[in-house]
There are 2 protein chains.
Amino acid sequence: MNGAETLVQTLVDSGVTVCFANPGTSEMHFVGALDGNPGIRCVLCLFEGVASAAADGYARMTGAPAATLLHLGPGLANAGANLHNAMRAASPLINIVGDHATYHRYLDAPLTSDIEGLARTWSAWTRTARDARMVAGDAAEAVRRAYEGRGGISTLILPADTAWGAGQDAAMLSQPPPVPIPSSACIENAVAMLRNGKRTLLLVGGRALRSADALDDADRIAQAADADLLAPNSNARMDRGGGRVSISRVPYVVDEATDMLKGFNQCICVEADTPVAFFAYPGKPGHLLAPDCEIHVLAHPGEDGPAALAKLCSLLGSGHIEPRHAARESNRPVPPGALSPVALGNALANRLPENSIICDEGLTAGMAATAATATAAPHSLLQLTGGAIGIGLPMAIGAAVACPGRKVIVLQADGSGMYTNQALWTYAREKLDIVAIVLSNGSYASLRRELHNVGVLNPGPKALGMTSLGDPDIDWALMARSMGVHGEKAETGEAFDRLLAEALDRSGPSLIEANLSSL
Amino acid sequence: MNGAETLVQTLVDSGVTVCFANPGTSEMHFVGALDGNPGIRCVLCLFEGVASAAADGYARMTGAPAATLLHLGPGLANAGANLHNAMRAASPLINIVGDHATYHRYLDAPLTSDIEGLARTWSAWTRTARDARMVAGDAAEAVRRAYEGRGGISTLILPADTAWGAGQDAAMLSQPPPVPIPSSACIENAVAMLRNGKRTLLLVGGRALRSADALDDADRIAQAADADLLAPNSNARMDRGGGRVSISRVPYVVDEATDMLKGFNQCICVEADTPVAFFAYPGKPGHLLAPDCEIHVLAHPGEDGPAALAKLCSLLGSGHIEPRHAARESNRPVPPGALSPVALGNALANRLPENSIICDEGLTAGMAATAATATAAPHSLLQLTGGAIGIGLPMAIGAAVACPGRKVIVLQADGSGMYTNQALWTYAREKLDIVAIVLSNGSYASLRRELHNVGVLNPGPKALGMTSLGDPDIDWALMARSMGVHGEKAETGEAFDRLLAEALDRSGPSLIEANLSSL
């Protein structure tokens, strides 16, 4: 076996069985190795930012890393924005980045750049392979490090000669390290806080949001101690819907968040960082909790939040309390006429299939949908975690590859969707069961609001032009068809409701352009 | 004036009059400043990789930097691949990257990342503004450094509070530094070499390729000394066509290049690096000149090659020699029936408008066109310089903005074109005079060849799938229309010839999908 073959075999033996790839010349031996190994599935992406978002979506649904295959520094840079999101989602992920042969680098050929320096921007672990015989070990280490802590990105740079040179035969097995459980002292501290009579916020993120049992325990604790329960503003994954504990999130808008949080004297964090403002605004605070709010970390991100909650619940003696589950609704009104965000959200919530997955990059236009689906059929919600736009369409690829039996729905803002529209081609190539809903309001609506916030009250033609996606309007239905995806357009509530029903019935990909521009 | 306003005024005063922008929340004060300053044009790009390629194209045609406006680390990462190409083209370019307010960074909000570390991958100069009062000076320094040496990328990171805080009134003026002229000793050394009777290669790049006079001088020198004249394989810009000295390029394929270069005993470099293999291949050399070939640098990149050639020509006493100009052809055969690369290239060369600009990312399918246009009407040819694919469509934006009176033609390979297809929307928004020809062969054809080169002689379904763009085919004409650009499809030589004539007659953008897939 050559180095590339030992690398692929090690990945497969360590449970990495999918590679989202955009290969180039220097990766041809790796492509040959993928070709020859039946244990790994290859998914071609026509842009590297699609590959990295897909690997992130895959990790959020499986807990396991997928590999990406990227072409030198520029390929890694293209993957970068969605690697940033994956880093913020704490998704385990393994980048394999091809590079020039070790002895070719000093020539400074046109594609040469500082790949290691670039990789460190997003990677918890970065290594350049030095010898084909060591590549299997490098790969095993990459897998191990991707699971470490809260989960992270490993980047293994593979010079061409370490791929084509003779590798060592035995591939190595890498296993995820155990998840640490918080100490008894830490849990007893929380018990004391919950009994001291102060107003308490229980802020729950991470694994607990993926576990119905953990959310039941969190709600029992909140009821027993008369505490409030909240989740961070954005989360890698929340399993939610009717029949589960419904957990609100800290608002994005600073004034709303500080208003909601100002009354808490103490905050217990479970796999959640203390909330901060997404951006700074003149004269507004950065920390969103009150300055004198006492903070206790029950479980750090990467520790076992569900186990900590179970133990806390038991120490409080509240295991008998009935958790408050959200009622499931199915007949929300869908007003006819010009399509509104509420009509869209209600139609989606009514029709959401059991056990589906929502990839949410709806931003301003998608808020109503996210609210309505809180009482829809149980589903997984994957959010934009790092603020790098362009994740929605491609993240769905990874979710669909990870969960072949589950319908995937994308709520995609139009401006952000343009960043990685190439994802649609992979939907068609892989015949993925995805319904992409593009929320088309013809503008960077968030920016219009922000422009006003910074005092540009009467924006001129340049400022308006830079926050408008009109002139020309983007025809998303046509764009979908250009890449082999069924595309339709809805301008009314009733049309959207009908097209959504049809798209959900169809097997394979569809895109619905939800035209909200008349609002 | 606030910091952002002093920044914009300094850019304008220093001759930076175009900004290719994709703004976000943290850049709203900068957008406000652009809005209020009539001296700068703003061009909205729907992806940052479009903005960076456009700025590169602008610099190649004007010699002056444009600004980009990018949104924190992810925006910069998205711009990265085409910044790599700009770096390799030695294009002066100024990135303005928004960041969190200085006092907000320690909160590690979701969009926080190491922007400076990232910027250094591609920038000759990187600075984070520290105080609104110093931003005008930072901007002046950014412009000066972009002109330094062979030309490069300046990245100024602008924390939000340095944009909204009070700036110092007086903007500062930045002027390009003078271009150094090689010493007399250096030129006399070249004279001696050209008279020693050895076989000599005159390798000419950089500014000399943009100057008819310099190419005349280079050809006179070659004739006088019985030397050969070549250009590097890829060049930021070559002004060429009938009536000018035609200069061949060092081939991309290693065996062809070493074969062409093996007979030279000495090489005189004029604003050109010694040629190296683009990639390493087992058993093949990295340096393409013979190992014992003596190298003399007449002008380093960034020095004044045309002046050095003029002086050398005069010292050799060869100013009287008639330069050999390429004859201009206009009636190449365009075979009817299934469209071939040769038919496409000949039709383009026949119809190429006087003084047009070709942005060439045709790769494998475009070689015939690049060959045919050597004897077409005089034009500028802009090439892929850094090997980071996805530059063709967006580079044309910058060329068109720089040269409103000149027709811009893009030769775009389909796989690479998908990387930055969002460029088409800006064509329509700005009504740019661009004809994009997408060379659609339905595969990463270069990779098919490379797969064979590395020994995958019978690729399996995975390897074939990863180098194929079929299943589904991409409908480029439809994609163009989805973004407001006139789109057509040609499957025969005669159809292509007709559509090209129509597109060149039309004012505003067109796209022709040249379907070569039957070959």
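In chain B of this predicted model, strands β3 and β4 pair in the parallel sense over five bridges. One point on that pairing is B:A67, which stands opposite B:I94 in β4(B). The two strands are also linked through a helix: β3(B), helix α4 of chain B, residues 72-89, and β4(B) make a right-handed β-α-β unit.

Strand β3(B) has a further partner. Strand β1 of chain B, residues 18-21, runs parallel to β3(B) and is joined to it by three bridges. Here B:C19 stands opposite B:A67.

How many residues of strand β3 of chain B, residues 67-71, are buried? Five of its five residues are buried, and the strand is mostly covered. B:A67, B:L69 and B:H71 point one way, while B:T68 and B:L70 point the other way; all are buried.

I turn now to helix α6 of chain B, residues 135-147. At 1.5 Å a residue, its 13 residues should span 18 Å, and the end C-alpha atoms are 19 Å apart, which agrees.

Why may α6(B) be described as largely enclosed by the rest of the structure? The reason is that 10 of its 13 residues are buried, where buried requires 20 or more other C-beta atoms within 10 Å of the residue's own. Among these buried residues are B:V135, B:D138, B:V143, B:R145 and B:Y147.

The buried residues of α6(B) pack against several elements of chain B: helices α1 (3-13) and α7 (160-164), and strands β4 (93-99), β5 (125-128) and β6 (153-159). Strand β4(B) thus appears twice in this account, as it also pairs with β3(B). Finally, just after α6(B), B:G149 takes a positive phi of about 60°.

Key. Residues numbered from 1 in each chain as written. Chains lettered and ligands numbered in written order. Predicted model: local features only at pLDDT ≥ 70, side-chain atom pairs only at ≥ 80, totals over all residues. Helix = DSSP H or I, 4+ residues; strand = E, 2+ residues; numbered from the N terminus. Expected span 1.5 Å × (residues − 1). Buried ≥ 20, exposed ≤ 12 C-beta atoms within 10 Å, placed from the backbone. Contact = placed C-beta atoms within 7 Å. Pairing = 2+ DSSP bridges. Right-handed = clockwise from strand over helix to strand, strands pointing away.
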